[in-house]
Every structure is written in structure tokens, then in C-alpha cells.
Amino acid sequence: MQVHGRALGAGELGAELGERATLVQFSSAFCQPCRATRRTLAEVAAMVDGVVHVEIDAELHLGLVRELEIVKTPTVLVLDREGRIVRKAVGQPRKADVIVALGHAM
């Protein structure tokens, strides 16, 4: 399945989409890189107007994890304003890479 272009809504995310873009982080309880990823994404969301960060516990949302082919945490999805997936990255992102990915979403 190709996840790029697939749209996610507030119901699936458990939170409202950002006005311009949404950073979706799939995490798990004992994932050390997830903590650093949470900080990075929260910092970027605070820096860029209209961008929100949503964290999803992968273990509690296995159906969505399978559907989106999430195989490792952290996995970050960048959604455009309509909730379409425009980027998917696995592992701890660098702040600069997140900002570049947001450029593709806005």
C-alpha cells in the first residue's frame, strides 16, 4: 500500500489537524528516541504558525499502525492541511529535516 497521499482525519488522530500542516509521531512506551523526537517536533510546531504535533501510542492504535505500515518507532508522518500524508520518516529526525519536510506540506 502506498501511504503517501492517504488522508488522515481528526477522528483517526484523536486531535484536530493543524491549519497548515500536522506532524504525526507514532511512539511506544519504552522508545528512547521517541522522547527526543517528541521534543524536536514540539519545538518545530511551536516555531511554525498553523502546525501542530500529534503523538500516537502505536501499541494502542494497532489497526492504524498496520494500515499505515508503521514498523518501527518513532515514525513521523507529515500531513498537509487536508490531512494527506506527504512525507514519512522512520527514526529520530533532525530539526532541519522536519522543517524541510514541512515545506513540502505547505
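Which strand does Thr 22 lie in? Select Thr 22 and you will find yourself in strand β1. Before you go on, keep in mind that this is a predicted model.

**Stop 1: Thr 22 and its surroundings**

Stay on Thr 22 for a moment. Its relative accessible area is 0%, so Thr 22 is buried, the cut-off being under 20%. Now show what touches Thr 22: leaving aside residues up to four places away in sequence, the contacts are Leu 17, Val 52, Val 54, Leu 77, Val 78 and Leu 79. Add Gly 18 to the selection as well, because its backbone nitrogen lies 2.8 Å from a polar atom of the Thr 22 side chain, within the 3.5 Å limit for a polar contact.

**Stop 2: β1 and its partner β2**

Next, select residues 21-27 for β1 and residues 51-57 for β2; these two strands pair in the parallel sense, over seven bridges. Two places help you line them up: Ala 21 stands opposite Val 51 in β2, and Ser 27 stands opposite Asp 57 in β2. Then add residues 32-47, helix α2, to see a right-handed β-α-β unit made of β1, α2 and β2.

**Stop 3: the whole sheet**

Widen the view to the open sheet of four strands, whose order is β2-β1-β3-β4, with mixed pairing. At the edges are β2 and β4 (85-90), each pairing on one side only. On average, neighbouring strands here are turned by 20° against each other, direction ignored.

Two helices are worth colouring next. Helix α2 lies across β1, β2 and β3 (75-80), and runs at about 170° to β1. Helix α4, residues 95-105, packs on the sheet and touches β1, β2, β3 and β4, with its direction at about 35° to that of β3.

**Stop 4: salt bridges**

How many salt bridges does the count come to? The total is seven. Start with Glu 43 and Lys 95, whose closest N and O atoms are 2.7 Å apart. This pair links distant parts of the chain, with Glu 43 in α2 and Lys 95 in α4, 52 residues apart. Glu 43 is partly exposed at 38% relative accessible area, and Lys 95 is partly exposed at 33%.

Now move to Arg 84, which is partly exposed at 37%. The Arg 84 side chain meets that of Asp 80 in a salt bridge at 2.8 Å, N to O, and that of Glu 82 in a salt bridge at 3.2 Å. Asp 80 is buried at 6%, whereas Glu 82 is partly exposed at 44%.

For your last selection, pick Arg 6, Glu 12 and Glu 67, which salt bridges with shared partners join into one network.

Notes:
Residues numbered from 1 in each chain as written. Predicted model: local features only at pLDDT ≥ 70, side-chain atom pairs only at ≥ 80, totals over all residues. Heavy atoms only, no water. Pairing = 2+ DSSP bridges. Right-handed = clockwise from strand over helix to strand, strands pointing away. Buried < 20%, exposed > 50% of the residue type's maximum accessible area, 1.4 Å probe, protein only. Polar contact = N/O pair within 3.5 Å; in protein donor to acceptor, adjacent residues only side chain to side chain. Contact = heavy atoms within 4.5 Å. Axes fitted to C-alpha atoms, helices over the stretch in contact; angles between N-to-C directions. Salt bridge = Lys/Arg side-chain N within 4 Å of Asp/Glu carboxyl O.
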